[in-house]
Each structure stands twice: as C-alpha cells, then as structure tokens.
Amino acid sequence: MTTPLTHRAIPGYWYASSEGQLYNVRAFLYHDSRLARIWIEDISGVRASVSPPEWVDLDLVIHSPVRNKTVIG
C-alpha cells in the first residue's frame with residue numbers, strides 16, 4: 001500500500017495543521033532499515049520527533065515545497 005502524498009513526510013517541506021500551525025520536516029531516523037522517527041520543527045523553532053503512525057495522526061497537508069532560490073547579480 002502506498003502512502004498518500006498528503007501523509008508522506010518529505011524533508012524540507014512545510015506542512016500545515018487544520019489549526020494553521022506550520023511544521024517543517026527536518027530529518028528521518030531509521031532503525032534496522034525502517035523509518036523509526038520523523039524530526040519536525042514548528043515555525044517558532046521548537047523541534048520534536050514523532051513516529052510514522054503519529055505523523056499520520058497529525059493529519060497535516062503540504063503547505064509549500066522547498067524552492068531553490070537563485071540569486072542573480
């Protein structure tokens with residue numbers, strides 16, 4: 001079974017909760033080649049880790065992807 005994109009954690013992407021809280025996926029922690037924890041950071045810089053089932057329970061939606069900024073000048 002594949003995970004819907006709305007529930008797939010992607011490092012560097014911002015996600016929004018139904019209350020409007022923003023979270024950035026910072027990193028993954030693997031144990032025995034399986035995803036064990038997802039490190040997230042809210043807009044104020046508070047970091048936390050959640051398990052994959054906890055991530056799905058947060059019911060977040062993608063707010064915006066990472067955009068590479070090119071500086072010309």
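This is a short walk through the sheet, its hairpins, its aromatic pairs and one residue ahead of the strands. Keep in mind that the model is predicted.

Sheet first. Five strands form an open sheet, in the order β4-β3-β2-β1-β5, with antiparallel pairing. Which strands sit at the edges? β4, residues 47-50, and β5, residues 61-64; each pairs on one side only. From one strand to the next, the twist averages 45°. As a reminder, strands of a sheet pair through backbone hydrogen bonds, either parallel or antiparallel.

Now the individual pairings. Start with β1 and β2. They are antiparallel, and three bridges join them. W14 has its bridge partner in β2, and that partner is N24. The two strands make a hairpin with five residues between them. Look at G20 there: its phi is positive, near 95°.

Next, β2 and β3. β2 covers residues 22-31 and β3 covers residues 34-42. How many bridges join them? Eight, and the strands run antiparallel. Two facing positions are worth finding on the screen. A27 stands opposite W39 in β3. Y30 stands opposite L35, also in β3. This hairpin has two residues between its strands. D32 lies in the turn, and D32 has a positive phi of about 55°.

On to the aromatics. A pair of aromatic rings is described by the distance of the centres and the angle of the planes. The structure holds two such pairs. One is Y15 with W55: 5.0 Å centre to centre, 85° between the planes, edge-to-face. Where do the partners come from? Y15 belongs to strand β1, and W55 to helix α1, residues 52-58. They are 40 residues apart, so the pair links distant parts of the chain. Are they buried or exposed? Y15 is buried, and W55 is buried too.

The other pair is F28 with Y30. Their ring centres lie 6.2 Å apart. Their planes stand at 90°, so this pair is edge-to-face as well. What about the accessibility of F28? At 27% relative accessibility, F28 counts as partly exposed. Y30 we have already met, opposite L35.

Last, R8. R8 sits in the segment before β1, which spans residues 14-16. Its relative accessible area is 40%, so R8 is partly exposed. Which distance goes with R8 and V61? C-alpha to C-alpha, they are 9.2 Å apart in space. In sequence, R8 and V61 are 53 residues apart.

That's the tour.

Terms used
Residues numbered from 1 in each chain as written. Predicted model: local features only at pLDDT ≥ 70, side-chain atom pairs only at ≥ 80, totals over all residues. Heavy atoms only, no water. Helix = DSSP H or I, 4+ residues; strand = E, 2+ residues; numbered from the N terminus. Buried < 20%, exposed > 50% of the residue type's maximum accessible area, 1.4 Å probe, protein only. Pairing = 2+ DSSP bridges. Axes fitted to C-alpha atoms, helices over the stretch in contact; angles between N-to-C directions. Phe/Tyr/Trp six-rings, centres within 6.5 Å; stacked < 30°, edge-to-face > 60°.
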